[in-house]
Amino acid sequence: MSTTRQHFTLLLAAFTAVLLLLAGCAPLRYYESALVLHDLAAGEQASRLKRVTPAPLRETVNYTVDGRERRADLYLPGPLDACITPGAQFSLNCPRAALVAVPGAVPRGNDDPRFTAFAATLARAGFAVLAPEMPGFRELRVRPRDTREIADAFRYARSRPELAPDGHAGMFAFSYAVGPAVLAALEPDIRDDVRFIAALGGYYSLPRAMRFFTTGWYEQDGALHFLAPDDTGRMVLAFSSLDYLNAPGDEKIFEQMVDARLKDSAADLSPLAERLSAPGKTVYALAINIDPARFQEFFDRLPEAMSEDIARLDLAHLDLSKLKARLWLVHGRKDNLIPWTESQALTAAAPAGQARVFLIHGVVGHVDLAVSDLLTTRFWMEDLPDLWQLWRVVNLLLAERAP
C-alpha cells in the first residue's frame, strides 16, 4: 500500500471515531459511509470495505420496455437466488435499493475502469447497480434518445422487487449524462418513482456548457472567469455533429484531428479542416473558437437539426416544477469540462428545497477523485473539508436504501 493510502486509512479511522461520537441515531450508517468513501478513493486498490464484503457480481441483462430492446450491466452484492423469497431482503447479500448509474460520454463507456470501480463500490454497499448500455457514449455522441434509454433502465430496475425492495430506487449520473438523467426523471411513466438523482459534474444550460469547453470562459455573478478547458468537450462536439452533417468523410477527418492533437497538442489542424464539408467546417469553427463574445455567432450556424436536439437536451428551457426526485449535485470548482456554476444554476432552478449542491475545492476535478498526502498542508486546509462534503453525499445516498 502506498504511503498516501496508508495515511488515508489512518485518517479514515480517526474520521470514523469522530463520526461515531456525533452519530446520534445512525452510527452504523455513518461508519459505513466512511468505508464507502474510502473505497471510492481507493478505486480498484485495496480497502477495508473490500476486505469485509464479498466481491460483487457483474452480469449482462437484456430486457424489453414497450417493445424497445435494451441491454445493461448489473452489479449485485450477491446472488439473487436467495433474495426472492419473503424476508430475504434482510440478507446482507441482497440489494437494498436499485441505482441506475450512467457514465458520461467516454470511449470505454460502461467498461471505463473508473466507472466499474464506482459501480462495484455501490454494489458492496447494498445497491443493485444497473448501468444501461449507451452506444452513443462510446462513440462520443450525445443524442436526445439518451433520455429514453435511461428512463427504460430505471423502469426495468424498479419493476423487479428483488432489485428495488419497496420501490427504493434512484439514479447516479456523471458529466453530460446528468442532463439526460434529469430529463428521464421527468418522463411521465417514471416521474413519481425516481426518489433521487445524485450527480457529479453536470450541466444546466447545455449551450453555456458548450461555450465553456470551447472557450474556457464561464459566468459567475455577472462576471466572466477563465479556466483552461479540457479538449474532451471539443471532441464530443465534433463526433456528436456527425449525425447531422450527411458527410461520411468528415468522420475520418475528425478522427485524424484527434489523433494529431493526441500526438502533439499544438498540431496545426488547418490542412485537415480544409477537407471538411461545409457543415463540417461550421462545427469546426465553433470547436476552435476561443472568443466568448463570438460563441453565439458560431453556435447559430450549426445545422438546424443539431440545434434542435441541443435544445431538447438543454435543461435551462424546462419547467422543473414537475420534478419529484431530490437532487444532490456534486461539482469540482476546478472542473475544466463543465463549470461548477452549472450545478449551482440547476440547484436554483429545481423546486424549492428539493436540490442541494456540494462544491468541492480540490479532491474532485471533473469526475476523478484524488486525495493529497496526509502530511501536507493542502490536505488539512483543502482536502479534509472536501472529504467531509463527499461523506455527506455518500451518507445521503446510503440513507435511501431499504431498512
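This briefing covers one helix, a residue within that helix, and a cavity elsewhere in the text's scope. The model is predicted. Helix α2 spans residues 27–42, and D39 has its place in that helix. A search of the whole structure finds two cavities of 30 Å³ or more, and the second largest of them is described below.

**Helix α2**
- Helix α2 is made of 16 residues.
- From its first C-alpha to its last, α2 reaches 23 Å, which is close to the 22 Å expected at 1.5 Å a residue.
- The buried residues of α2 are Y30, E32, S33, A34, L35, V36, L37, H38, D39, A41 and A42.
- G43, just after α2, takes a positive phi of about 65°.

**Residue D39**
- D39 has a relative accessible area of 1%, so this residue of α2 counts as buried, the cut-off being under 20%.
- A polar contact of 2.5 Å joins the side chain of D39 to the side chain of S47.
- Leaving aside neighbours within four places in sequence, D39 is in contact with S47, L49, K50, T121 and R124.

**Second largest cavity**
- The second largest cavity holds about 30 Å³ of space.
- Its lining consists of V178, A199, G202, Y203, Y204, L329, E342, S343 and L346.
- Six of the lining residues are nonpolar, two are polar and one is charged.
- Helix α16, residues 341–349, gives the most to this lining, with three residues.

How values were computed
Residues are numbered from 1 along each chain as its sequence is written. This is a predicted model: local features need pLDDT of at least 70, side-chain atom pairs count only at pLDDT 80 or more; totals for chains, interfaces and linings use all residues. Side-chain values use heavy atoms; hydrogens and water are left out. Helices (H or I, at least four residues) and strands (E, at least two) are DSSP runs, numbered from the N terminus. The expected span of a helix is 1.5 Å times one less than its number of residues. Buried means under 20% relative accessible area, exposed over 50%, partly exposed in between (1.4 Å probe, protein chains only). On a 1 Å grid over the protein atoms alone, a cavity is a set of points where a 1.4 Å probe fits but cannot get out, and a pocket is an open set with protein on both sides within 12 Å along at least five of seven lines; lining residues have an atom within 4 Å of a point. Grid points are joined across faces, edges and corners, and a volume is the space filled by probe spheres set on the points. Ala, Val, Leu, Ile, Met, Phe, Trp, Tyr, Cys and Pro count as nonpolar, Asp, Glu, Lys and Arg as charged, and the others, Gly among them, as polar. A polar contact is a pair of N or O atoms within 3.5 Å; within protein, one must be able to donate a hydrogen and the other to accept it, and residues adjacent in sequence count only if both atoms are side-chain atoms. Contact means heavy atoms within 4.5 Å.
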